[in-house]
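Got a new model open and not sure where to look? Let's go through it together, one feature at a time.

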Amino acid sequence: MPPEIPNIMSSQARCRIAPSILSADFARLGEEVRNVVDAGADWIHFDVMDNHYVPNLTIGPMVCAAIRPHVSVPIDVHLMVEPVDELIPMFAKAGADIITFHPDASRHVDRTLSLIRDHGCKAGLVFNPAESLSHMDYVMDKLDLVLLMSVNPGFGGQSFLPATLTKLRQARARIDAWTASGGQPILLEVDGGVKPDNIAEIRRAGADTFVAGSAIFGQPDYKQVIEALRSEIAKGESLQA
């Protein structure tokens, strides 16, 4: 029986840190996800690449099912695959809590979002660095999360693209206008090159959920780096205020 998962839209922390297992040691993946959660991670970020939509091949539903018993935090599945619809039920069955996909990988974005929600998961759209946010405007009622890529997807360890900060502000403005008009909460996640030396600025631009791969798994002390990320987030919030 899978562990009971907490409310995804809330957390003890105002912001969520989601270590990407793309940078973990796959020879001991169960231990890695347990250790990073014990160190203070809020979510586990799960990158799925198909060597078609992106030039890399990673992991599938069987790996998601394998790590599900090891953690009681949400598993955040990012589908970098094309097409997406056939994989959604598989990942929902494997224990995913959140499933996000790229709008250009779906023939019918609205229908794919509905499919995710119909399988009991939170649904989100992912936007590549050069991709317009306009898809958001037509499906806000079906979004639980928006993920902005701050690198071109396909490989871990890349540097943060500064233009993402402007895009984060634009996405935050759309989300705030939506919720102010009575719409449901929508989280704003960022993925790519997030580190302690830039996370405050990223938070200040409007992100509330942060994917970090090599910045966490590349360090010897996961707790120390997660605490450093939270400390910098707090600085960004104080400047934002």
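**Reading the model, piece by piece**

A: Let's start with a helix packed on strands: helix 5 (residues 164-180) lies across strand 5 (122-127), strand 6 (145-149) and strand 7. Its direction is at about 165° to strand 7. Keep in mind that this is a predicted model.

Q: Those strands must belong to something. How many strands does the open sheet have, and in which order?

A: To read a sheet, follow the strands from one side to the other. Here the open sheet has 8 strands in the order 1-8-7-6-5-4-3-2, and the pairing is parallel. Strand 1 (16-19) and strand 2 (44-49) are the edge strands, as each pairs on one side only. On average, neighbouring strands of this sheet are turned by 25° against each other, direction ignored.

Q: What joins strand 7 to strand 8?

A: For a pair of strands, look at the bridges. Strand 7 and strand 8 (residues 209-212) run parallel and are joined by 3 bridges. Asp191, for instance, has Val211 in strand 8 as its bridge partner.

Q: Which residues does the "binding site" annotation cover?

A: An annotation comes from a record, so treat it as a label to check against the model. In the unreviewed UniProt entry, "binding site" covers His45, Asp47, His78 and Asp191. These residues are spread over 147 residues of sequence, yet they cluster in space, with a largest C-alpha distance of 10.5 Å. From this set, Asp47, His78 and Asp191 are in the lining of the largest cavity.

Q: Is His78 buried or exposed?

A: Check the relative accessible area: under 20% means buried. His78 has a value of 0%, so the residue is buried. His78 sits in strand 3 (residues 75-80). Leaving aside neighbours within four places in sequence, the contacts of His78 include His45, Asp47 and Asp191, all three of them names from the annotation. Others among its contacts are Phe46, Thr100, His102 and Met149.

Q: And why does Asp191 count as buried?

A: The same cut-off of 20% applies. Asp191 has a relative accessible area of 10%, so this residue is buried too. You'll find Asp191 in strand 7 (residues 187-191).

Q: What does Asp191 touch, its sequence neighbours within four places left aside?

A: List the contacts, then look for polar ones. Among the contacts of Asp191 are His45, Asp47, His78, Leu147, Ser150 and Val211. With His45 there is also a polar contact, side chain to side chain, at 3.3 Å.

Note on methods. Residues numbered from 1 in each chain as written. Predicted model: local features only at pLDDT ≥ 70, side-chain atom pairs only at ≥ 80, totals over all residues. Heavy atoms only, no water. 1 Å grid on protein atoms, 1.4 Å probe; cavity = no way out; pocket = protein on both sides within 12 Å on 5 of 7 lines; lining within 4 Å. Helix = DSSP H or I, 4+ residues; strand = E, 2+ residues; numbered from the N terminus. Buried < 20%, exposed > 50% of the residue type's maximum accessible area, 1.4 Å probe, protein only. Contact = heavy atoms within 4.5 Å. Polar contact = N/O pair within 3.5 Å; in protein donor to acceptor, adjacent residues only side chain to side chain. Pairing = 2+ DSSP bridges. Axes fitted to C-alpha atoms, helices over the stretch in contact; angles between N-to-C directions.
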